[in-house]
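I opened this notebook page to record what I looked up, beginning with the surface and moving on to the helix and the cysteines.

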Amino acid sequence: MSKTLSFACVHFSVAFLVGYLMTGSVWVGGALALVEPACNTVAFHFHEKIWKRIERRRAASLPGTLAT
């Protein structure tokens, strides 16, 4: 869990820094640091669902295996 929290801090910091450097605005940097990780979380959820479906199809197409 420590590594996950550490990565979250890095992610928020990078998002803030990029927004701030591009605009010079602390408000934009702060908003970006909140919104971008939230959007990535939703995108990651769908990414995982798609990959699980692909993995199930691959497993089902292999000879001698049963799909679960």
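I looked first for a nonpolar surface patch and found one of about 580 Å², made by F7, V10, V14, V18, M22 and L32. I note that this is a predicted model, in which local features need pLDDT of at least 70 and side-chain atom pairs count only at pLDDT 80 or more, while totals for chains, interfaces and linings use all residues. Residues are numbered from 1 along each chain as its sequence is written, and side-chain values use heavy atoms, with hydrogens and water left out.

I then asked which element supplies the largest share of the patch, and it is α1, with five residues. One residue of helix α1 is F7, which I entered as exposed because its relative accessible area is 54% (exposed is over 50%, buried under 20%, partly exposed in between, with a 1.4 Å probe and protein chains only).

I checked the length of α1 next: its 22 residues, 2-23, should span 32 Å at 1.5 Å a residue, and the end C-alpha atoms are 32 Å apart, which agrees (the expected span being 1.5 Å times one less than the number of residues). After α1 comes G24, with a positive phi near 75°.

Finally I searched the whole structure for disulfides, a pair of cysteine sulfur atoms within 2.5 Å, and found zero. The sulfur of C9 has its closest cysteine sulfur in C39, 19 Å away, which is too far for a bond. I entered C39 as partly exposed, at 49% relative accessibility.

Note on methods:
Helices (H or I, at least four residues) and strands (E, at least two) are DSSP runs, numbered from the N terminus. Patches are made of residues with over 30% relative accessible area and no salt bridge: like charges are joined within 9 Å, nonpolar side chains (Val, Leu, Ile, Met, Phe, Trp, Tyr) within 5 Å. Accessible areas come from the Shrake-Rupley method with a 1.4 Å probe; for residues, only the protein chains shown count as cover. A salt bridge is a side-chain nitrogen of Lys or Arg within 4 Å of a carboxyl oxygen of Asp or Glu.
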